[in-house]
Amino acid sequence: MNLEFSLNGKPASLEIEPRETLAEVLRLRCRLTGVKVSCDAQVCGSCTVLVDALPVSSCTYLAYEVRDKQVVTIEGLAGESGRLHPLQQAFIDQFAFQCGFCTPGMILAAKAFLDERLSEASSAPPEITDAEIVAHMNGNLCRCTGYLPILKAIRQAAAHMRADREKA
Ligand code: FES
Ligand code: FES
């Protein structure tokens, strides 16, 4: 079957099998190997990508379901100039990864959360608490870093993104 969708801001058109998962299509057909598959059972969050700005586990999400939707992977996060997204920079600054296997999924799950919280209608972007971050990120597992550096990285990026929204 033919699948047309937006991939990291650009139109994509592929021939796929109806049974293929989004992770398979992104990794094997699109060569976007930043999409990591670990548990392959919707438990660990390593394969998280964004579909219409919402995080999904691409290991159990059928690819044809993204027809006419917008998919973002870690490869699409940096700006045109190559400037890293504040979350990517914060993960580096806070040493929030070791093997890095969970990191693309962590960053994309955090992006979905921060984008949604910081765009809520109010006179000023809200402060985001550690408890909120922990609650939102509980579907993303890390086997080697420890969660404190990851929390610090998301906190740093939240402050950065919040300041950007205040200036806008
Ligand atoms: S690889 Fe998809 S949730 Fe673990
Ligand atoms: S950095 Fe290795 S699993 Fe998270």
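This is a short tour of a predicted model, going from the packed interior out to the charged pairs and the cysteines.

**The first helix and its surroundings**

Let's start with helix α1, which spans residues 22-29. Its buried residues are Leu22, Ala23, Val25 and Leu26. The cover over them includes strands β1 (2-7), β2 (10-15), β3 (48-51), β4 (54-57) and β5 (70-72). After α1 comes Arg31, and its phi is positive, near 60°.

Ser58 is worth a look while you're in this area. You'll find Ser58 in the loop between β4 and β5. Is Ser58 buried or exposed? Its relative accessible area is 0%, so Ser58 counts as buried. Setting aside neighbours within four places in sequence, Ser58 is in contact with Thr21, Leu22, Ala23, Val35, Cys47 and Val49. Two of those contacts, Leu22 and Ala23, are also among the buried residues of α1.

**Two nonpolar cores**

The largest nonpolar core has 28 residues, and the members that touch the most others are Leu87, Phe91, Leu114 and Ile154. Helices α2 (86-93), α3 (103-118) and α5 (147-167) each put at least two residues into this core. Helix α3 gives the largest share, with 9 residues.

If you want one residue to click on here, try Phe91. Leaving out residues up to four places away in sequence, Phe91 touches Ala96, Phe97, Thr103, Met106, Ile107, Ile150, Ala153 and Ile154. There is also a second, separate core of 20 residues, and its members include Ile16, Ala23, Cys30 and Ala63. Ala23 brings us back to α1, where it is one of the buried residues.

As for α2 itself, its buried residues are Pro86, Leu87, Gln88, Ala90 and Phe91. The buried residues of α2 pack against α3 and α5. Following α2 is Phe95, which has a positive phi, near 50°.

**Salt bridges**

How many salt bridges does the structure hold? The count is 9. Three of the pairs are set out here.

| Pair | N to O distance | Place in the chain |
|---|---|---|
| Asp115 and Arg165 | 3.5 Å | helix α3 and helix α5, 50 residues apart |
| Arg162 and Glu166 | 3.3 Å | both in helix α5, 4 residues apart |
| Lys167 and Asp164 | 3.8 Å | both in helix α5, 3 residues apart |

The Asp115 and Arg165 pair links distant parts of the chain. Asp115 is partly exposed because its relative accessible area is 22%, and Arg165 is partly exposed too, at 33%.

The other two pairs stay within α5. Arg162 and Glu166 sit about one turn of the helix apart. Their burial is not alike: at 18% relative accessibility Arg162 counts as buried, whereas Glu166, at 46%, counts as partly exposed. Lys167 and Asp164 are likewise about one turn of the helix apart. Lys167 counts as exposed, with 69% relative accessibility, while Asp164 is partly exposed at 35%. Through shared partners, salt bridges also join Lys111, Asp115 and Arg165 into one network.

**A nonpolar patch on the surface**

Val43, Leu141 and Tyr147 make a nonpolar surface patch of about 270 Å². Leu141 belongs to the loop between α4 (130-136) and α5. Its relative accessible area is 33%, so Leu141 is partly exposed.

**Cysteines**

How many disulfides are there? The structure holds 0 disulfides. A disulfide is a covalent bond between the sulfur atoms of two cysteines.

Several cysteines can be placed by how much surface they show. Cys99 counts as exposed because its relative accessibility is 57%. Cys142 goes the other way and counts as buried, at 11%. Cys39 lies in the loop between α1 and β3, and with a relative accessible area of 29% it is partly exposed. Cys39 and Cys59 are 20 residues apart along the chain, and their C-alpha atoms are separated by 8.6 Å. Cys30, for its part, is a member of the second nonpolar core, and Cys47 is one of the contacts of Ser58.

Terms used. Residues numbered from 1 in each chain as written. Chains lettered and ligands numbered in written order. Predicted model: local features only at pLDDT ≥ 70, side-chain atom pairs only at ≥ 80, totals over all residues. Heavy atoms only, no water. Buried < 20%, exposed > 50% of the residue type's maximum accessible area, 1.4 Å probe, protein only. Contact = heavy atoms within 4.5 Å. Core = buried A, V, L, I, M, F, W, Y, C linked by side-chain atoms within 4.5 Å. Disulfide = S-S within 2.5 Å. Patch = residues over 30% accessible without salt bridge, like charges linked within 9 Å, V, L, I, M, F, W, Y side chains within 5 Å. Areas by Shrake-Rupley, 256 points an atom, 1.4 Å probe, with all protein chains shown as cover. Salt bridge = Lys/Arg side-chain N within 4 Å of Asp/Glu carboxyl O.
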